[in-house]
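Opening a fresh page for this one. I'll jot down what I look up as I go.

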Amino acid sequence: FFFNSLLSTMGTSQPPSPQRRRRHVLVRIASTICLIAALAVLVDLGADEATRSSLLTIVQSSTAKSSGVSANFRLLEGVNKIKPGRTLKAALLRSHLRFNPNPNTKGQQCETHWDAEEDSWTAPEEAQPVPAGSRLETNNNFLAKVDFNALNIMVVGDSVGENMALFLENAHAGIGVLKHQRESYREQINLQGRNQDRIWVSHVPEEKGGGYVAFARVLTQWHSDKAGEDDFLKWDPKMFTDFREEHGNVDVLIYRTPWPWMSKFGDTGDITEGEYYRVLEVARRMVNPRTVIFTTSAINNNGISDQFASLRKDNEVVRQFVQHYQPPEHPEDGVQNVLLLDWELLTDDLVLANAEAMGIPADMAFKHVLTGNGLSDKESFTGVRWFPQLTAMACASINKPTHPKRIPTCMDGKRGRVSPDGMHFCDSTTGPRTAAGIIALIECSVVADEDMYGASPNERKQYLRECQDDVNNLYMNLRSVFISPDPEDPRFVVPARQLFDPSLAGHLLVVHP
(Lines give C-alpha, C1' and ligand atoms only; values in the text may rest on other atoms or scores of the structure.)
Protein backbone atom coordinates (compact mmCIF):
# COMPACT_ATOMS: atom_id res chain seq x y z
CA PHE A 1 0.00 0.00 0.00
CA PHE A 2 3.08 2.25 0.10
CA PHE A 3 2.83 2.71 -3.65
CA ASN A 4 -0.85 3.69 -3.48
CA SER A 5 0.04 6.21 -0.77
CA LEU A 6 2.85 7.57 -2.94
CA LEU A 7 0.44 8.02 -5.84
CA SER A 8 -2.02 9.91 -3.64
CA THR A 9 0.69 12.41 -2.64
CA MET A 10 1.45 13.30 -6.24
CA GLY A 11 -1.64 15.48 -6.43
CA THR A 12 -4.42 15.71 -9.02
CA SER A 13 -5.33 19.40 -9.01
CA GLN A 14 -3.21 20.24 -12.09
CA PRO A 15 -3.01 18.44 -15.45
CA PRO A 16 -0.14 15.94 -15.12
CA SER A 17 3.07 16.67 -16.95
CA PRO A 18 4.65 13.94 -19.14
CA GLN A 19 7.19 13.34 -16.36
CA ARG A 20 4.43 12.95 -13.77
CA ARG A 21 2.51 10.60 -16.02
CA ARG A 22 5.63 8.46 -16.44
CA ARG A 23 6.12 8.40 -12.65
CA HIS A 24 2.50 7.30 -12.23
CA VAL A 25 2.96 4.48 -14.71
CA LEU A 26 6.23 3.30 -13.14
CA VAL A 27 4.80 3.36 -9.62
CA ARG A 28 1.66 1.56 -10.79
CA ILE A 29 3.75 -1.17 -12.42
CA ALA A 30 5.84 -1.55 -9.27
CA SER A 31 2.68 -1.70 -7.14
CA THR A 32 1.14 -4.38 -9.32
CA ILE A 33 4.34 -6.47 -9.31
CA CYS A 34 4.46 -6.34 -5.49
CA LEU A 35 0.81 -7.36 -5.21
CA ILE A 36 1.27 -10.26 -7.62
CA ALA A 37 4.32 -11.37 -5.67
CA ALA A 38 2.27 -11.24 -2.45
CA LEU A 39 -0.44 -13.33 -4.09
CA ALA A 40 2.16 -15.91 -5.12
CA VAL A 41 3.47 -16.07 -1.54
CA LEU A 42 -0.05 -16.57 -0.18
CA VAL A 43 -0.71 -19.36 -2.65
CA ASP A 44 2.57 -21.01 -1.63
CA LEU A 45 1.63 -20.69 2.03
CA GLY A 46 -1.78 -22.24 1.44
CA ALA A 47 -3.91 -19.14 2.11
CA ASP A 48 -7.64 -19.68 1.87
CA GLU A 49 -9.64 -18.86 -1.26
CA ALA A 50 -11.27 -15.75 0.23
CA THR A 51 -7.88 -14.23 1.14
CA ARG A 52 -6.41 -14.96 -2.28
CA SER A 53 -9.51 -13.62 -4.03
CA SER A 54 -9.45 -10.43 -1.95
CA LEU A 55 -5.83 -9.80 -2.95
CA LEU A 56 -6.66 -10.66 -6.55
CA THR A 57 -9.40 -8.02 -6.39
CA ILE A 58 -6.84 -5.42 -5.37
CA VAL A 59 -4.51 -6.52 -8.18
CA GLN A 60 -7.31 -6.27 -10.74
CA SER A 61 -8.41 -2.89 -9.39
CA SER A 62 -4.82 -1.69 -9.51
CA THR A 63 -4.34 -2.70 -13.14
CA ALA A 64 -7.70 -1.13 -14.07
CA LYS A 65 -6.40 2.34 -13.22
CA SER A 66 -4.78 2.74 -16.60
CA SER A 67 -7.74 1.44 -18.62
CA GLY A 68 -10.02 4.45 -18.75
CA VAL A 69 -11.78 3.95 -15.41
CA SER A 70 -13.48 7.15 -14.24
CA ALA A 71 -11.67 9.45 -11.84
CA ASN A 72 -14.45 9.03 -9.26
CA PHE A 73 -13.76 5.32 -9.01
CA ARG A 74 -9.99 5.81 -8.89
CA LEU A 75 -10.44 7.96 -5.79
CA LEU A 76 -11.96 4.96 -4.02
CA GLU A 77 -9.34 2.43 -5.02
CA GLY A 78 -6.78 1.44 -2.43
CA VAL A 79 -9.38 1.71 0.35
CA ASN A 80 -9.06 -1.39 2.52
CA LYS A 81 -11.08 -0.35 5.57
CA ILE A 82 -14.50 1.29 5.48
CA LYS A 83 -16.61 2.17 8.50
CA PRO A 84 -19.35 -0.48 8.45
CA GLY A 85 -22.99 0.28 7.89
CA ARG A 86 -25.37 0.22 10.83
CA THR A 87 -26.18 -3.03 12.60
CA LEU A 88 -29.53 -4.46 11.49
CA LYS A 89 -32.22 -4.80 14.17
CA ALA A 90 -35.59 -6.52 14.25
CA ALA A 91 -37.28 -3.23 15.13
CA LEU A 92 -36.34 -1.83 11.71
CA LEU A 93 -38.57 -4.19 9.70
CA ARG A 94 -41.98 -5.78 10.34
CA SER A 95 -43.88 -7.94 7.87
CA HIS A 96 -46.55 -10.59 7.54
CA LEU A 97 -48.06 -13.05 5.09
CA ARG A 98 -51.67 -12.66 3.99
CA PHE A 99 -53.82 -15.57 2.83
CA ASN A 100 -54.85 -15.18 -0.83
CA PRO A 101 -57.24 -18.06 -1.61
CA ASN A 102 -58.05 -16.86 -5.15
CA PRO A 103 -54.79 -15.88 -6.86
CA ASN A 104 -55.14 -14.31 -10.30
CA THR A 105 -53.01 -12.79 -13.03
CA LYS A 106 -54.15 -9.20 -12.67
CA GLY A 107 -51.16 -6.93 -12.24
CA GLN A 108 -48.71 -4.44 -13.64
CA GLN A 109 -46.86 -7.11 -15.62
CA CYS A 110 -49.26 -9.96 -16.24
CA GLU A 111 -51.97 -11.40 -18.46
CA THR A 112 -52.87 -9.81 -21.81
CA HIS A 113 -55.17 -11.00 -24.61
CA TRP A 114 -54.84 -10.46 -28.36
CA ASP A 115 -57.65 -8.41 -29.90
CA ALA A 116 -57.55 -8.96 -33.67
CA GLU A 117 -60.06 -6.20 -34.38
CA GLU A 118 -58.05 -3.65 -32.42
CA ASP A 119 -54.75 -5.13 -33.65
CA SER A 120 -53.31 -4.98 -30.13
CA TRP A 121 -52.70 -6.85 -26.89
CA THR A 122 -54.87 -5.59 -24.04
CA ALA A 123 -55.24 -6.45 -20.37
CA PRO A 124 -58.66 -7.97 -19.61
CA GLU A 125 -60.91 -5.80 -17.47
CA GLU A 126 -61.71 -8.63 -15.07
CA ALA A 127 -58.97 -10.35 -13.07
CA GLN A 128 -58.14 -13.70 -14.68
CA PRO A 129 -57.95 -16.58 -12.19
CA VAL A 130 -55.04 -18.99 -12.45
CA PRO A 131 -56.15 -22.50 -13.56
CA ALA A 132 -58.34 -24.12 -10.92
CA GLY A 133 -56.62 -26.93 -9.02
CA SER A 134 -53.20 -26.06 -10.44
CA ARG A 135 -50.21 -25.50 -8.18
CA LEU A 136 -50.42 -21.85 -9.24
CA GLU A 137 -53.69 -21.79 -7.28
CA THR A 138 -53.16 -24.24 -4.42
CA ASN A 139 -49.49 -23.54 -3.67
CA ASN A 140 -49.18 -19.86 -4.52
CA ASN A 141 -51.95 -18.68 -2.25
CA PHE A 142 -50.43 -15.90 -0.15
CA LEU A 143 -49.11 -12.35 -0.38
CA ALA A 144 -46.08 -10.88 1.38
CA LYS A 145 -46.81 -7.57 3.13
CA VAL A 146 -44.48 -5.10 4.84
CA ASP A 147 -45.97 -3.23 7.84
CA PHE A 148 -42.97 -1.09 8.84
CA ASN A 149 -39.61 -0.50 7.19
CA ALA A 150 -36.80 1.73 8.40
CA LEU A 151 -34.22 -0.05 6.21
CA ASN A 152 -32.66 1.25 3.01
CA ILE A 153 -32.97 -1.52 0.41
CA MET A 154 -31.52 -1.36 -3.12
CA VAL A 155 -31.73 -3.82 -6.00
CA VAL A 156 -28.88 -3.63 -8.54
CA GLY A 157 -29.24 -5.31 -11.93
CA ASP A 158 -30.99 -5.25 -15.29
CA SER A 159 -34.70 -4.94 -16.07
CA VAL A 160 -35.34 -8.36 -14.50
CA GLY A 161 -33.70 -6.96 -11.38
CA GLU A 162 -36.13 -4.07 -11.70
CA ASN A 163 -38.84 -6.76 -11.67
CA MET A 164 -37.59 -7.81 -8.24
CA ALA A 165 -37.58 -4.21 -7.03
CA LEU A 166 -41.18 -3.91 -8.23
CA PHE A 167 -42.11 -7.02 -6.22
CA LEU A 168 -40.60 -5.44 -3.10
CA GLU A 169 -42.33 -2.15 -3.86
CA ASN A 170 -45.66 -3.98 -4.14
CA ALA A 171 -45.06 -5.64 -0.77
CA HIS A 172 -44.78 -2.10 0.69
CA ALA A 173 -47.97 -0.84 -1.00
CA GLY A 174 -50.03 -1.15 2.19
CA ILE A 175 -47.80 1.43 3.91
CA GLY A 176 -47.94 3.98 1.11
CA VAL A 177 -45.07 2.98 -1.20
CA LEU A 178 -46.59 3.32 -4.67
CA LYS A 179 -45.04 3.02 -8.12
CA HIS A 180 -46.42 6.32 -9.40
CA GLN A 181 -44.77 8.14 -6.48
CA ARG A 182 -41.24 6.97 -7.27
CA GLU A 183 -38.45 9.52 -7.39
CA SER A 184 -36.46 9.25 -10.62
CA TYR A 185 -32.99 9.90 -9.24
CA ARG A 186 -30.95 9.54 -12.47
CA GLU A 187 -32.01 9.08 -16.09
CA GLN A 188 -30.03 8.34 -19.24
CA ILE A 189 -30.74 7.88 -22.95
CA ASN A 190 -30.96 4.13 -23.57
CA LEU A 191 -30.00 2.20 -26.71
CA GLN A 192 -33.46 2.82 -28.20
CA GLY A 193 -33.01 6.58 -27.83
CA ARG A 194 -35.47 6.95 -24.92
CA ASN A 195 -34.98 8.27 -21.40
CA GLN A 196 -34.73 5.43 -18.89
CA ASP A 197 -34.14 5.42 -15.15
CA ARG A 198 -30.65 4.46 -14.03
CA ILE A 199 -31.70 4.86 -10.38
CA TRP A 200 -35.17 5.28 -8.95
CA VAL A 201 -36.21 5.28 -5.30
CA SER A 202 -39.55 4.79 -3.50
CA HIS A 203 -39.61 6.28 -0.02
CA VAL A 204 -41.45 4.77 2.93
CA PRO A 205 -43.46 7.43 4.84
CA GLU A 206 -41.68 8.54 8.02
CA GLU A 207 -44.44 7.24 10.28
CA LYS A 208 -44.00 3.78 8.69
CA GLY A 209 -40.24 3.72 9.16
CA GLY A 210 -38.78 6.17 6.65
CA GLY A 211 -36.69 3.61 4.72
CA TYR A 212 -36.75 3.13 0.98
CA VAL A 213 -36.81 0.63 -1.87
CA ALA A 214 -34.47 1.64 -4.71
CA PHE A 215 -33.36 0.19 -8.03
CA ALA A 216 -30.08 0.84 -9.89
CA ARG A 217 -29.71 -0.31 -13.50
CA VAL A 218 -26.34 -2.00 -14.15
CA LEU A 219 -26.14 -3.97 -17.40
CA THR A 220 -22.72 -5.58 -16.90
CA GLN A 221 -21.07 -7.29 -13.96
CA TRP A 222 -20.50 -4.55 -11.38
CA HIS A 223 -16.74 -4.29 -11.95
CA SER A 224 -14.33 -1.37 -11.88
CA ASP A 225 -13.36 -1.99 -15.52
CA LYS A 226 -17.01 -1.60 -16.56
CA ALA A 227 -17.27 1.91 -15.13
CA GLY A 228 -17.98 4.87 -17.40
CA GLU A 229 -20.01 8.04 -17.14
CA ASP A 230 -21.62 8.46 -20.57
CA ASP A 231 -22.04 4.91 -21.88
CA PHE A 232 -25.44 3.28 -21.29
CA LEU A 233 -23.78 -0.14 -21.17
CA LYS A 234 -21.46 0.97 -18.38
CA TRP A 235 -22.17 2.21 -14.87
CA ASP A 236 -21.28 5.60 -13.41
CA PRO A 237 -19.59 5.45 -9.98
CA LYS A 238 -20.52 9.07 -9.26
CA MET A 239 -24.18 8.16 -9.60
CA PHE A 240 -23.82 5.82 -6.63
CA THR A 241 -21.60 8.00 -4.46
CA ASP A 242 -23.98 10.94 -5.00
CA PHE A 243 -26.96 8.73 -4.13
CA ARG A 244 -25.30 7.54 -0.93
CA GLU A 245 -24.42 11.10 0.02
CA GLU A 246 -28.04 12.16 -0.39
CA HIS A 247 -29.87 9.07 0.90
CA GLY A 248 -27.34 7.42 3.21
CA ASN A 249 -25.75 3.97 3.13
CA VAL A 250 -27.72 1.09 1.68
CA ASP A 251 -28.52 -1.38 4.47
CA VAL A 252 -29.44 -4.30 2.23
CA LEU A 253 -28.36 -4.71 -1.38
CA ILE A 254 -29.85 -7.35 -3.69
CA TYR A 255 -27.54 -8.11 -6.62
CA ARG A 256 -28.98 -9.70 -9.72
CA THR A 257 -26.42 -10.73 -12.38
CA PRO A 258 -27.53 -9.06 -15.66
CA TRP A 259 -27.31 -12.42 -17.44
CA PRO A 260 -29.44 -11.62 -20.54
CA TRP A 261 -27.33 -8.56 -21.36
CA MET A 262 -24.10 -10.42 -20.70
CA SER A 263 -25.21 -13.21 -23.03
CA LYS A 264 -25.46 -10.71 -25.88
CA PHE A 265 -21.73 -10.02 -25.62
CA GLY A 266 -20.55 -13.61 -25.08
CA ASP A 267 -19.78 -13.03 -21.39
CA THR A 268 -21.76 -15.99 -20.07
CA GLY A 269 -20.94 -19.63 -19.48
CA ASP A 270 -17.56 -18.95 -17.88
CA ILE A 271 -18.30 -16.57 -14.99
CA THR A 272 -15.94 -17.14 -12.06
CA GLU A 273 -16.24 -16.77 -8.29
CA GLY A 274 -13.53 -14.13 -8.43
CA GLU A 275 -15.90 -11.86 -10.34
CA TYR A 276 -18.33 -11.90 -7.44
CA TYR A 277 -15.61 -10.98 -4.96
CA ARG A 278 -15.00 -7.95 -7.17
CA VAL A 279 -18.74 -7.18 -7.30
CA LEU A 280 -18.91 -7.38 -3.51
CA GLU A 281 -15.99 -4.98 -3.10
CA VAL A 282 -17.50 -2.51 -5.57
CA ALA A 283 -20.81 -2.68 -3.67
CA ARG A 284 -19.00 -1.95 -0.41
CA ARG A 285 -17.19 1.05 -1.85
CA MET A 286 -20.20 2.46 -3.64
CA VAL A 287 -23.07 2.11 -1.12
CA ASN A 288 -21.54 0.30 1.91
CA PRO A 289 -24.27 -2.31 2.57
CA ARG A 290 -24.39 -4.36 5.76
CA THR A 291 -26.06 -7.24 3.91
CA VAL A 292 -25.73 -8.34 0.28
CA ILE A 293 -28.16 -10.88 -1.19
CA PHE A 294 -27.02 -12.47 -4.44
CA THR A 295 -29.63 -14.10 -6.67
CA THR A 296 -29.42 -16.89 -9.21
CA SER A 297 -30.73 -16.03 -12.68
CA ALA A 298 -34.09 -17.19 -13.99
CA ILE A 299 -34.44 -18.90 -17.34
CA ASN A 300 -35.14 -16.47 -20.19
CA ASN A 301 -35.33 -16.26 -23.95
CA ASN A 302 -31.57 -15.58 -24.22
CA GLY A 303 -30.72 -19.00 -22.79
CA ILE A 304 -32.80 -21.18 -25.12
CA SER A 305 -30.07 -21.66 -27.74
CA ASP A 306 -28.06 -24.05 -25.52
CA GLN A 307 -31.11 -25.24 -23.52
CA PHE A 308 -29.98 -23.09 -20.57
CA ALA A 309 -26.71 -24.97 -20.03
CA SER A 310 -24.65 -21.76 -19.73
CA LEU A 311 -27.19 -20.14 -17.42
CA ARG A 312 -27.33 -23.12 -15.09
CA LYS A 313 -23.53 -23.36 -15.07
CA ASP A 314 -23.23 -19.67 -14.17
CA ASN A 315 -25.86 -20.04 -11.45
CA GLU A 316 -23.81 -22.79 -9.85
CA VAL A 317 -20.90 -20.33 -9.64
CA VAL A 318 -23.08 -17.86 -7.69
CA ARG A 319 -24.11 -20.63 -5.30
CA GLN A 320 -20.51 -21.68 -4.74
CA PHE A 321 -19.36 -18.09 -4.20
CA VAL A 322 -21.91 -17.50 -1.46
CA GLN A 323 -21.16 -20.90 0.07
CA HIS A 324 -17.43 -20.13 0.20
CA TYR A 325 -17.68 -16.52 1.36
CA GLN A 326 -16.18 -16.01 4.82
CA PRO A 327 -17.40 -12.96 6.78
CA PRO A 328 -14.39 -10.93 7.95
CA GLU A 329 -13.66 -10.85 11.65
CA HIS A 330 -13.76 -7.04 11.67
CA PRO A 331 -16.77 -5.34 10.01
CA GLU A 332 -14.63 -2.55 8.56
CA ASP A 333 -12.81 -5.15 6.46
CA GLY A 334 -15.78 -6.33 4.39
CA VAL A 335 -19.49 -7.12 4.07
CA GLN A 336 -20.75 -9.03 7.10
CA ASN A 337 -23.82 -10.79 5.75
CA VAL A 338 -23.76 -12.47 2.32
CA LEU A 339 -26.73 -14.63 1.37
CA LEU A 340 -28.30 -16.32 -1.66
CA LEU A 341 -31.85 -16.08 -3.03
CA ASP A 342 -32.04 -19.15 -5.27
CA TRP A 343 -34.49 -17.60 -7.68
CA GLU A 344 -33.77 -20.12 -10.44
CA LEU A 345 -35.55 -22.77 -8.36
CA LEU A 346 -38.74 -20.73 -7.94
CA THR A 347 -38.98 -19.60 -11.54
CA ASP A 348 -38.32 -23.16 -12.78
CA ASP A 349 -41.17 -24.39 -10.57
CA LEU A 350 -43.52 -21.71 -11.89
CA VAL A 351 -42.76 -22.77 -15.48
CA LEU A 352 -43.31 -26.44 -14.60
CA ALA A 353 -46.63 -25.63 -12.91
CA ASN A 354 -47.78 -23.64 -15.94
CA ALA A 355 -46.68 -26.42 -18.31
CA GLU A 356 -48.74 -28.89 -16.29
CA ALA A 357 -51.79 -26.61 -16.49
CA MET A 358 -51.38 -26.40 -20.30
CA GLY A 359 -50.85 -30.13 -20.84
CA ILE A 360 -47.17 -29.77 -21.79
CA PRO A 361 -45.17 -32.79 -20.54
CA ALA A 362 -42.63 -31.97 -17.82
CA ASP A 363 -39.75 -33.12 -20.02
CA MET A 364 -40.80 -30.53 -22.64
CA ALA A 365 -41.46 -27.64 -20.26
CA PHE A 366 -38.02 -26.12 -20.98
CA LYS A 367 -37.95 -27.14 -24.65
CA HIS A 368 -41.36 -26.30 -26.15
CA VAL A 369 -41.07 -22.85 -27.74
CA LEU A 370 -42.90 -19.97 -29.36
CA THR A 371 -41.17 -19.22 -32.65
CA GLY A 372 -42.85 -15.92 -33.56
CA ASN A 373 -42.73 -17.01 -37.22
CA GLY A 374 -45.02 -15.00 -39.48
CA LEU A 375 -46.15 -12.59 -36.77
CA SER A 376 -46.22 -8.83 -37.11
CA ASP A 377 -44.32 -6.83 -34.51
CA LYS A 378 -47.65 -5.95 -32.89
CA GLU A 379 -48.94 -9.51 -32.75
CA SER A 380 -45.61 -10.84 -31.49
CA PHE A 381 -46.13 -8.60 -28.43
CA THR A 382 -42.40 -8.19 -27.87
CA GLY A 383 -41.08 -7.70 -31.39
CA VAL A 384 -39.68 -10.63 -33.30
CA ARG A 385 -36.16 -10.10 -31.95
CA TRP A 386 -37.26 -11.56 -28.59
CA PHE A 387 -38.05 -15.00 -30.01
CA PRO A 388 -37.88 -17.92 -29.41
CA GLN A 389 -39.60 -17.97 -26.02
CA LEU A 390 -40.64 -20.84 -23.77
CA THR A 391 -44.33 -21.62 -24.28
CA ALA A 392 -44.77 -22.63 -20.62
CA MET A 393 -43.18 -19.36 -19.51
CA ALA A 394 -44.98 -16.84 -21.76
CA CYS A 395 -48.46 -18.28 -22.40
CA ALA A 396 -51.66 -18.19 -20.34
CA SER A 397 -53.98 -20.67 -22.06
CA ILE A 398 -55.21 -23.93 -20.54
CA ASN A 399 -55.31 -25.66 -23.94
CA LYS A 400 -52.57 -28.00 -25.05
CA PRO A 401 -50.33 -26.65 -27.84
CA THR A 402 -51.21 -27.89 -31.33
CA HIS A 403 -47.63 -29.02 -32.03
CA PRO A 404 -45.47 -31.11 -29.65
CA LYS A 405 -42.36 -28.90 -30.00
CA ARG A 406 -43.18 -25.40 -31.28
CA ILE A 407 -45.97 -22.97 -32.10
CA PRO A 408 -45.79 -19.43 -33.59
CA THR A 409 -47.81 -17.69 -30.85
CA CYS A 410 -49.72 -18.44 -27.66
CA MET A 411 -52.87 -20.56 -27.85
CA ASP A 412 -56.16 -18.64 -27.66
CA GLY A 413 -54.21 -15.38 -27.94
CA LYS A 414 -53.48 -15.34 -24.19
CA ARG A 415 -50.10 -14.38 -22.71
CA GLY A 416 -48.63 -13.59 -19.33
CA ARG A 417 -49.42 -16.03 -16.54
CA VAL A 418 -45.80 -16.48 -15.45
CA SER A 419 -44.06 -14.05 -17.81
CA PRO A 420 -45.41 -11.37 -20.14
CA ASP A 421 -42.61 -11.68 -22.69
CA GLY A 422 -40.38 -14.70 -22.10
CA MET A 423 -37.87 -12.72 -20.03
CA HIS A 424 -39.57 -10.76 -17.23
CA PHE A 425 -41.95 -12.12 -14.62
CA CYS A 426 -45.52 -11.36 -13.57
CA ASP A 427 -45.84 -9.57 -10.25
CA SER A 428 -49.02 -11.38 -9.18
CA THR A 429 -47.69 -14.93 -9.63
CA THR A 430 -43.95 -14.47 -9.03
CA GLY A 431 -43.90 -11.46 -6.71
CA PRO A 432 -45.27 -12.83 -3.41
CA ARG A 433 -42.73 -15.64 -3.00
CA THR A 434 -39.87 -13.49 -4.29
CA ALA A 435 -40.64 -10.66 -1.86
CA ALA A 436 -41.20 -13.10 1.03
CA GLY A 437 -37.86 -14.75 0.30
CA ILE A 438 -35.98 -11.45 0.26
CA ILE A 439 -37.65 -10.24 3.46
CA ALA A 440 -36.92 -13.56 5.18
CA LEU A 441 -33.24 -13.40 4.17
CA ILE A 442 -33.07 -9.91 5.61
CA GLU A 443 -34.43 -11.39 8.84
CA CYS A 444 -31.63 -13.99 8.73
CA SER A 445 -29.11 -11.16 8.69
CA VAL A 446 -31.00 -9.37 11.47
CA VAL A 447 -30.51 -12.39 13.72
CA ALA A 448 -26.85 -12.63 12.68
CA ASP A 449 -26.36 -8.96 13.64
CA GLU A 450 -28.56 -8.73 16.72
CA ASP A 451 -28.40 -12.16 18.36
CA MET A 452 -24.91 -13.33 17.39
CA TYR A 453 -22.88 -10.42 18.67
CA GLY A 454 -19.42 -11.71 19.56
CA ALA A 455 -19.80 -14.92 17.56
CA SER A 456 -16.82 -16.05 15.51
CA PRO A 457 -16.87 -15.55 11.71
CA ASN A 458 -17.27 -19.31 11.28
CA GLU A 459 -20.28 -19.42 13.61
CA ARG A 460 -21.81 -16.46 11.78
CA LYS A 461 -21.22 -18.13 8.41
CA GLN A 462 -22.73 -21.42 9.56
CA TYR A 463 -25.84 -19.71 10.89
CA LEU A 464 -26.33 -17.62 7.73
CA ARG A 465 -26.03 -20.68 5.48
CA GLU A 466 -28.51 -22.70 7.55
CA CYS A 467 -30.98 -19.84 7.70
CA GLN A 468 -30.55 -19.13 3.98
CA ASP A 469 -31.27 -22.79 3.15
CA ASP A 470 -34.43 -22.70 5.30
CA VAL A 471 -35.66 -19.65 3.38
CA ASN A 472 -34.98 -21.12 -0.05
CA ASN A 473 -36.58 -24.43 0.93
CA LEU A 474 -39.66 -22.58 2.10
CA TYR A 475 -40.20 -19.91 -0.55
CA MET A 476 -38.16 -20.68 -3.69
CA ASN A 477 -40.48 -23.43 -4.95
CA LEU A 478 -44.17 -24.30 -5.15
CA ARG A 479 -44.01 -27.08 -2.56
CA SER A 480 -45.23 -25.04 0.41
CA VAL A 481 -48.86 -24.15 1.12
CA PHE A 482 -50.28 -21.30 3.18
CA ILE A 483 -52.72 -22.45 5.89
CA SER A 484 -55.00 -19.67 7.06
CA PRO A 485 -55.39 -19.77 10.86
CA ASP A 486 -58.77 -18.05 10.70
CA PRO A 487 -60.86 -17.88 7.49
CA GLU A 488 -62.80 -14.95 8.95
CA ASP A 489 -59.61 -12.98 9.55
CA PRO A 490 -57.03 -14.27 7.08
CA ARG A 491 -54.36 -11.76 8.09
CA PHE A 492 -51.85 -13.50 10.29
CA VAL A 493 -48.90 -11.49 11.56
CA VAL A 494 -45.79 -13.61 11.74
CA PRO A 495 -43.15 -12.17 14.07
CA ALA A 496 -40.24 -10.93 11.98
CA ARG A 497 -37.73 -13.56 12.96
CA GLN A 498 -40.27 -16.35 12.47
CA LEU A 499 -41.04 -15.55 8.85
CA PHE A 500 -38.21 -17.79 7.69
CA ASP A 501 -38.74 -20.64 10.18
CA PRO A 502 -41.72 -22.95 9.51
CA SER A 503 -41.27 -24.70 12.86
CA LEU A 504 -42.07 -21.44 14.68
CA ALA A 505 -44.83 -20.16 12.43
CA GLY A 506 -47.74 -22.17 13.80
CA HIS A 507 -47.79 -24.43 10.71
CA LEU A 508 -48.47 -21.33 8.66
CA LEU A 509 -46.72 -22.87 5.68
CA VAL A 510 -46.60 -26.62 5.28
CA VAL A 511 -43.76 -27.83 3.06
CA HIS A 512 -44.58 -30.93 1.04
CA PRO A 513 -41.78 -33.29 -0.06
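**Entry 1: a cut-off before anything else.** I call a residue buried when its relative accessible area is under 20%, exposed when over 50%, and partly exposed in between. I also remind myself that this is a predicted model.

With that cut-off in hand, I looked up a pair in helix α9, which covers residues 273-287. Arginine 285 and glutamate 281 are both buried. They form a salt bridge, and I get 2.8 Å between the closest N and O atoms. The two sit 4 residues apart in α9, about one turn of the helix.

**Entry 2: the whole chain.** I stepped back for the totals. There are 513 residues, and 56% of them count as buried. I count 15 helices and 18 strands in the secondary structure. For contacts with a separation of 6 or more, 75% are between residues 24 or more positions apart. The exposed surface is about 21800 Å², with carbon and sulfur atoms supplying 52% of it.

**Entry 3: charges.** Side chains of opposite charge can pair when their charged atoms come close. How many salt bridges does a search of the whole structure find? I get 19.

I then followed glutamate 344. Its salt bridge with arginine 312 has the closest N and O atoms 2.3 Å apart. Glutamate 344 is in helix α11 (residues 343-358) and arginine 312 is in helix α10 (residues 309-324), so this pair ties together parts 32 residues apart in sequence. Are the two partners buried or exposed? Glutamate 344 has 5% relative accessibility, so I log it as buried. Arginine 312 has 26%, so it goes down as partly exposed.

Glutamate 344 also meets arginine 319 in a salt bridge, at 2.5 Å from N to O. This pair, too, links distant parts of the chain, with glutamate 344 in α11 and arginine 319 in α10, 25 residues apart. Arginine 319 is buried, at a relative accessible area of 17%.

I wrote down the full network while I was there: Arg312, Glu316, Arg319, Asp342, Glu344 and Asp348 are linked by salt bridges.

**Entry 4: helix pairs.** Two packed helices are described by the angle between their axes and the distance between the axes. I looked up two pairs.

The pair I took up to begin with was α14 (residues 427-450) and α15 (residues 457-475). Their axes come within 9 Å and cross at roughly 160 degrees. I therefore note α14 and α15 as roughly antiparallel to each other. Their crossing is right-handed. On the α14 side the contact includes Arg433, Ala436, Gly437, Ala440 and Leu441, and on the α15 side Arg460, Tyr463, Leu464, Cys467 and Gln468 are among the residues involved.

Next came α7 (residues 237-247) against α9. I get an angle of about 50 degrees, with the axes 8 Å apart. That makes α7 oblique to α9. Pro237, Phe240, Thr241 and Arg244 of α7 meet Arg284, Arg285, Met286 and Val287 of α9. Arginine 285 is back again here, the salt-bridge partner of glutamate 281 from my opening entry.

**Entry 5: phenylalanine 308.** Where does phenylalanine 308 lie? I find it in the loop between β10 (291-295) and α10. It is buried, with a relative accessible area of 1%. Leaving out residues up to four places away in sequence, phenylalanine 308 touches Ile299, Asn300, Gly303, Phe366 and Leu390. I also checked phenylalanine 308 against lysine 367: they are 59 residues apart in sequence and 9.8 Å apart in space, C-alpha to C-alpha.

**Entry 6: backbone oddments.** The peptide bond from phenylalanine 387 to proline 388 is cis, with omega near 0 degrees. Proline 388 is in the loop between α12 (377-380) and β13 (389-390).

Phenylalanine 381 is in the loop between α12 and β13. It is not a glycine, yet it has a positive phi of about 75 degrees. At 30% relative accessibility, I mark phenylalanine 381 as partly exposed.

Aspartate 412 has a positive phi as well, about 60 degrees, and is not a glycine. It is in the loop between β14 (406-407) and β15 (414-415). Its relative accessibility is 48%, so aspartate 412 is partly exposed.

Methods. Residues numbered from 1 in each chain as written. Predicted model: local features only at pLDDT ≥ 70, side-chain atom pairs only at ≥ 80, totals over all residues. Heavy atoms only, no water. Buried < 20%, exposed > 50% of the residue type's maximum accessible area, 1.4 Å probe, protein only. Contact = heavy atoms within 4.5 Å. Areas by Shrake-Rupley, 256 points an atom, 1.4 Å probe, with all protein chains shown as cover. Salt bridge = Lys/Arg side-chain N within 4 Å of Asp/Glu carboxyl O. Axes fitted to C-alpha atoms, helices over the stretch in contact; angles between N-to-C directions. Parallel < 35°, antiparallel > 145°, perpendicular 65-115°, else oblique. Left-handed = near helix turned anticlockwise from the far one by under 90°.
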